[in-house]
Amino acid sequence: MGTPRVSQKEAVLQTIRQASDLPVMAETIKFIQNIKAFADQNITEIANIILKDYALTAKLLKVVNSVVYLQFGEVTTISRAIFLLGIENIKDISLTLLILDHLQKHSGHPKILDIISQAYLGGFMAEKIVHDLNFVEEEEAFICALLHPLGKILTAFAMPEKIAEMERQKTEKDYTENSVSTSVLGISFEEIGVTIATEWNFPSKIIQSMHNTRLSDLTADLGEMEKLRMIATLSTEISNTLGTDFGKKEKTDKLKKLINDYKDHIKISENLDHLITAAARDLNRLAADLNLDVQGTSLHKQLIEWAGPEIKITSGAEEGSLDDLKIIETFFPREEEEAETIFSKGIQDINSSILQPFALNDVIRIALE
């Protein structure tokens with residue numbers, strides 16, 4: 001008997017599983033995700049895991065102190081970040097940073113950074129859309145929208161030549177992303193993302209939100225999971241539309257149709273232009289914080305054409321950020337004052353913790369860190 005023939009779908013999944021050192025990263029992700037949230041000692045466990053990775057520690061503090069989490073005030077220790085956001089949110093943010101940072105660093109193809117930037121823009125759009133809706137948690141909306149296009153991101157990393165082929169077909173025939181990916185790969189981006197995320201033991205809410213919302217599935221009484229999926233789908237579609245080469249009028253028409261399709265379920269209270277501009281500015285700040293060199297991306301060009309140079313997305317290097325081993329120095333910028341600054345910020349963190357309903361052991365853990 002001969003060797004069973006591998007289907008086109010399975011061949012694509014195998015290529016993605018084996019790309020570069022993704023298996024090593026997958027094990028790290030699984031390890032973080034397997035930490036349970038209910039035992040107190042696991043706060044120390046996950047804090048210690050994060051603290052062993054200098055770059056992850058620095059980037060996690062950057063994100064926790066970014067525009068997404070401003071309501072918590074300045075956070076200078078991983079332990080306090082865990083107490084404020086909860087283990088599950090910290091796990092989600094950590095795995096997101098691990099994946100996107102890894103793919104950016106290990107891909108020699110410029111398209112991967114473009115797609116990652118689009119994912120971040122989608123995350124910020126989701127956070128803006130749900131801000132006034134009392135709809136779902138902003139943090140969950142941000143993370144779910146950010147990881148909604150995971151299948152596309154992984155495909156761009158493992159098979160960049162296929163992404164180029166899909167873009168040609170999409171331009172010629174105006175296909176949707178899932179239909180053109182199925183045409184070229186024999187499997188949709190959606191199915192790739194869900195399959196790999198399941199194998200990597202992602203949280204259920206993130207996996208479920210990777211499924212695209214079909215308008216025919218929307219009902220008057222949506223559950224929280226359906227709302228998260230709908231927000232992630234809409235935000236990703238807005239981001240994808242903004243990243244195309246269409247003219248502004250054609251983009252505007254497409255965006256108006258999108259908003260109209262979801263109007264019975266999502267009331268966008270702010271002018272869409274304002275939301276896009278605000279999300280682009282947030283992307284600008286995060287690009288500088290995380291040292292994402294997005295200056296040459298297609299998305300950068302399209303957003304400048306859409307909203308003007310005031311939201312210009314600059315690279316981390318241009319904003320003065322350093323390489324990964326020095327990112328923490330941008331958090332405490334003046335080297336000669338570093339020890340004093342760290343100490344005073346630590347005292348501030350401890351004082352903030354004492355004023356909040358933390359147990360004494362929790363405050364001691366923050367002090368030790």
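This briefing covers a helix pair, a nonpolar core and one covered helix in the structure above. The model is predicted. Helix α7 (residues 110-130) recurs in what follows, since α7 packs against helix α16 (residues 272-289) with axes that come within 9 Å, and α7 also gives the most to the largest nonpolar core, with twelve residues.

**Packing of α7 and α16**

- The axes of α7 and α16 cross at roughly 130°, and the two helices are therefore oblique to each other.
- The crossing in which α7 passes α16 is right-handed.
- On the α7 side, the residues that meet α16 are S117, Y120, L121, F124, M125, E127, K128 and I129, while α16 brings L272, L275, I276, A278, A279, A280, D282, L283 and L286 to the contact.
- Sorted by class, this contact of α7 with α16 consists of 13 nonpolar, one polar and three charged residues.

**The largest nonpolar core**

- The largest nonpolar core holds 103 residues, and within this core Y120, L185 and F202 touch the most other members.
- The greatest contribution to this core comes from α7, which supplies twelve residues.
- Y120, one of those three core residues, is also among the α7 residues that meet α16.
- L185, with its neighbours within four places in sequence left aside, is in contact with Q8, K9, V12, T155, M159, K162, M166 and I192.

**Burial of α8**

- Helix α8 (residues 138-147) is mostly covered, with nine of its ten residues buried.
- The buried residues of α8 are E139, E140, A141, F142, I143, C144, A145, L146 and L147.

Definitions and conventions: Residues are numbered from 1 along each chain as its sequence is written. This is a predicted model: local features need pLDDT of at least 70, side-chain atom pairs count only at pLDDT 80 or more; totals for chains, interfaces and linings use all residues. Side-chain values use heavy atoms; hydrogens and water are left out. Axes are lines fitted to C-alpha atoms, for helices over the stretch in contact, and angles run from 0 to 180 degrees between N-to-C directions. Helices (H or I, at least four residues) and strands (E, at least two) are DSSP runs, numbered from the N terminus. Angles under 35 degrees count as roughly parallel, over 145 as roughly antiparallel, 65 to 115 as roughly perpendicular and the rest as oblique. A crossing is left-handed if the near helix is turned anticlockwise from the far one by less than a right angle, and right-handed if clockwise. Contact means heavy atoms within 4.5 Å. Ala, Val, Leu, Ile, Met, Phe, Trp, Tyr, Cys and Pro count as nonpolar, Asp, Glu, Lys and Arg as charged, and the others, Gly among them, as polar. A nonpolar core is a set of buried Ala, Val, Leu, Ile, Met, Phe, Trp, Tyr and Cys residues joined through side-chain atoms within 4.5 Å. Buried means under 20% relative accessible area, exposed over 50%, partly exposed in between (1.4 Å probe, protein chains only).
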